[in-house]
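Here is a friendly tour of one chain, with an eye on how two of its domains meet and on two asparagines elsewhere. Please have your viewer ready.

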Amino acid sequence: MKQAVVFSNKAAAAKQRTKKVLAGTEKRTLARNACVRAKAEYAGADRVLGRRDSVRARSAAAPEAPAFQEWSSRDGQKREDIKKIVILGAGPIVIGQACEFDYSGTQACKALKQEGYEIVLVNSNPATIMTDPGTADRTYVGPMTPESVKDILIKEKPDALLPTMGGQTALNLAKALAENGDLDELNIELIGAKLDAINVAEDRLLFKEAMDRIGLKTPPSGTAENMEEAHAIQKEIGNFPIIIRPAFTLGGTGGGIAYNMEEFNQIVQAGLTASMTSQVLIEKSLIGWKEYELEVMRDLKDNVVIICSIENIDPMGVHTGDSVTVAPAQTLTDKEYQRLRDASVAIIREVGVECGGSNVQFGVNPVDGEVMVIEMNPRVSRSSALASKATGFPIAKMAAKLAIGYTLDCIPNDITQKTPASFEPSIDYVVTKIPRFAFEKFPGSSPVLTTQMKSVGEAMAIGRTFQESFQKALRSLEVGLNGWSGPKGAATPTEEELRYNLRTPNPDRLVAVWYAMDAGFSTEEVIELTKMDPWFVNQLRCLKDVGEYVKASDLESLSASDWKQIKSRGFSDSQIAEFARVPEDVVRSLRRKCGVVPQMKRVDTCAAEFEANTPYMYSTYDGEDECGANNKSKVLILGGGPNRIGQGIEFDYCCCHAAFSLSAEGYETIMMNSNPETVSTDYDTSDRLYFEPLTVEDVVNVLEAERPEGIIVQFGGQTPLKLAKPLQKYLEENPIPAASGRGNVKIWGTSPDSIDAAEDREQFEALLKELNIDQPAGGIARSEGEAIEAANKLGYPVMVRPSYVLGGRAMEVVYNEKSLVKYINTAVAVDPEQPVLVDKYLSGATELDVDALADKDGNVVIGGIMEHIEEAGVHSGDSACALPTQSIPFDALTTIREWTPALAKSLGVVGLLNIQYAVHEGKPYIIEANPRASRTVPFVSKAIGSPLAKYASLLMAGKTLKELGFTQEPVLDHVAVKEAVLPFDKFPGTDTILGPEMRSTGEVMGIDASYANAYAKAQIAAGTKLPTSGTAYMSMTDATKQESVSVAKGLSQLGFKVVATKGTADFLKSNGVEVTSVLKLHEGRPHGIDMMQNDEIQLMIITPSGDEVDQKDGLVLRRKALAYKIPLVTTLPAAKAIVESIRAMQTKKLKMDALQDFF
């Protein structure tokens, strides 16, 4: 690599073409479309356009703008007539509305509290830092319905309501409260976005009319409120495919792409059901067009700035949340960018967003450049979090300040402290965001991407070029990729499979591009099949050629220039090691021998035009190091990476508490994470922030730059735990002196060896035997034969799962040898390195979760014991749970309180410990122990009024439980219930029954003096509309019929009519229950679905048998209940709880109380 790049023989044919692409790579990505910046100091001032290398006016004839003045304190226009503000949160984490709104809402709470306002927060999500009692003055964690929020408004008497921080949930709530007349009645002002602006942006017809008025094109379309109108619009548009977009929904819920009339009818019906106004937009497809987003802000003086441009690599037809996106936009000419910029300004003004942030989406025809407006969100959006992290400009914080009267020219830029917020960000790097999916959790659903969002999380990376940021983002995903290449050990796709995967949007399309190029597909073929912009495909071609060069090279012969060229394109050491077939540490050694090490750059919002005061950093292999490390006592906190099912916002909550508490103790806190949605990656959460992949190489880079005293791996879930052992090995072999002079860098808290002992089945079994702690009989299998032998010895049913699992991945209850063999051959790869655990399934047992704290002196205190409401076999993340326990015998709890500290002491736990128990026939058994933060920590902390993650951080820093004043298990005089929120509506074809594999994306909480009321609040908060009258449909398995009698009798006593399938009905009648028989689906009509369609069923209780009839008819019945939003219960414990909740609701109206009222 003596020139720009030297290519292997395999790539020789593409050499000249790729060299041309490379020649402009750095210049184009650093300068081109670098968020053209307006320096608008005052209202009405002309904008001056800026770029990284030069600042030039639009034309010689344009009037000269006022000279830029460094920001200094100016008189603001903060409203003094407002004293108390209610902020509406987004509720539980769901697909399409995730923790980016927790980030936005937290920023808003902090910003407005700092301004002296009293803040009342309404949010049902206990997992977030936003609902910590200290974030707002009053915190309501419970149902988010117009009725419950109105009760809170009556109680709190606020002056204003801010609805723009909580996604679609908050907007829809505000709309309902305003249109019901509640806000006028209570004299509460809507700030941030007025009702008219919300309606124009969200109502598909009004938005189209608004665009027509300002001369902007939208796709040919029409709005429909019923099927008849939909069919008329479809005939007018003509050819398929056709796009269906429901109004007032989040993440494209209920929408999609119809390629034929049958799909059209299905999607329209789903869209009408999903829309709060029963309205869908039916529009001509722009599939294949390029898609862009612009983040826009406006203030009350009509200053408008563009914060960031974002380009989708995937063409139109894929929801932006599911597309790989790049900021700033890479393939627009300056003229094209200015057109979109001017259009965005015109749109925010016409829609009437007086102040705050908005997101505008455009489609651009790649053939002739024609522009069409797709939609606009009159609020902080999903992309706002990405744009904020990409530029360093805190959109939500600024939007909150604009809502109370400030203008952009009066607010300082936090990063520079020299420029005002009216100074548009300009960046000299490239940001890539890649979504993460979980289709493997939802068998029966097709992994095809459409306009309805399906991703569960995302990773973001920063690099000096697109190539560098793209490869860093891929390895940030934690899906087995160490860069852009085929996954290790994966089968090579056939040509037919490749063409399908290139043509059809799917989660693995970019990997398919790699395989296609490896198979000899030309660049032109890839462009034609994917419809991706040629610039991006050429960039990928260049990466492929460089990879081929590395494979053909002798690493020892590479020069420093060669190494820099390779590393500056984002190739990781492990990727290079894989190409060269050498160990990773050999690559690291050879690279460092040549003096090639990363430089840390700062995100400064102004392309290095002003010095950045905030250390928000990323690594690269280009230019001067800007780290500016010091010799303070420091601690590095490793985050959880991208959200996924099983590892979500709960772990980010813990990381934030670590940063807050240790900073208060005098440590300089350093956060390292790759998730753009979260509060942990806000630049002011920690003292220093590194937006980097969580790999050994990248963590070591930060360790060597910062040299902290400690590393916290307990709080980020499985992601940092997997790094603990290799990091410990590296530090033992390569000691790094701490910058403070206090010893060497080390891992704080529970040792990696102890963590490994808890994770390793054989070590853990030996420890339990030594402590005389019981666990379900089980075994470990390293082959199919061993698994069968273990199952036969235990007796069916058995629980099978791979070792080292997260979120119950691939866990299953099997009832016979045939099912076990199928599991071994299809669900997991079993070998000596990846054993499978086979345990006796305790049918009918009740599971418990215990969260405890332990200090360096061996003191242990239990924070809370939670009882799962669903029986054992349902993953703890999917089960509702209650704190304190409701039905566990005293003797069993006494044993658990003895076993927990004994195990914590034996493992040498310092910090948090989570243990799962099962109580079967009154006797407890331990299922597993995790010496780390668990998903339940935020819920328990809010239920007991003590911040467990904060305490754990201080314990790891050397404090004792006595010093923290936490020496006894809290005793509660109230009950808290957590309920899971499941995304089945996003995955057609997937059964809705619960099992050992976790599928929930989020959770809600209900808290009350009584269990029944707390459970009712949690159900309503999760979106279940509990009926207080009507008809209940029951269909029970033989094993559950006896227990179902009390449920049926309870419903009858409450005035419900009970209907049941024949076998269930006969059994209930024989036990004195008045019940009407109904036909099963295969028995004839009218059956259950007919009754649902006729609105004759208000509650369904079905316990699945798992047999062939249930897998067919039961699946259809359960999916229909989901479609018609009829409460569906599939376990008897949950059915019993619902009966008691309905009884409580019939007796007395639910009362809304703030968390602060319980402690």
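Let's begin where domain 3 and domain 4 meet: two salt bridges are counted between them, a salt bridge being a side-chain nitrogen of Lys or Arg within 4 Å of a carboxyl oxygen of Asp or Glu. Glu762 forms a salt bridge with Arg782, with 3.3 Å between the closest N and O atoms.

A word on the model: it is predicted, so local features need pLDDT of at least 70 and side-chain atom pairs count only at pLDDT 80 or more, while totals for chains, interfaces and linings use all residues. Residues are numbered from 1 along each chain as its sequence is written, and side-chain values use heavy atoms, with hydrogens and water left out.

The domain bounds come from an automatic or database domain assignment. That assignment places domain 3 at 749–773 + 842–972 and domain 4 at 777–841. Their C-alpha centres are 25 Å apart. In contact terms (heavy atoms within 4.5 Å), 14 residues of domain 3 meet 14 residues of domain 4. The two domains bury about 1100 Å² between them, with 46% of it on carbon and sulfur atoms; buried area is the accessible area (1.4 Å probe) that two parts lose on being put together, summed over both.

Four residue pairs, both residues at pLDDT 80 or more, are in polar contact across this interface. Such a contact is a pair of N or O atoms within 3.5 Å; within protein, one must be able to donate a hydrogen and the other to accept it, and residues adjacent in sequence count only if both atoms are side-chain atoms. On the domain 3 side, α25 (752–759), α26 (761–771) and β34 (923–930) each give two or more residues, and α26 gives the most, with three. Helices (H or I, at least four residues) and strands (E, at least two) are DSSP runs, numbered from the N terminus.

Now to the two asparagines, each in a loop between strands.

| Residue | Loop between | Relative accessibility |
|---|---|---|
| Asn365 | β15 (356–364) and β16 (371–377) | 13%, buried |
| Asn613 | β19 (599–602) and β20 (616–620) | 42%, partly exposed |

Buried means under 20% relative accessible area, exposed over 50%, and partly exposed in between (1.4 Å probe, protein chains only). The side chains of Asn365 and Asp368 share a polar contact of 3.4 Å. Beyond four places in sequence, Asn365 touches Trp289 and Glu370. Asn613 has contacts including Ile415, Lys418 and Arg602. Its C-alpha atom is 5.6 Å from that of Thr416, 197 residues apart along the chain.
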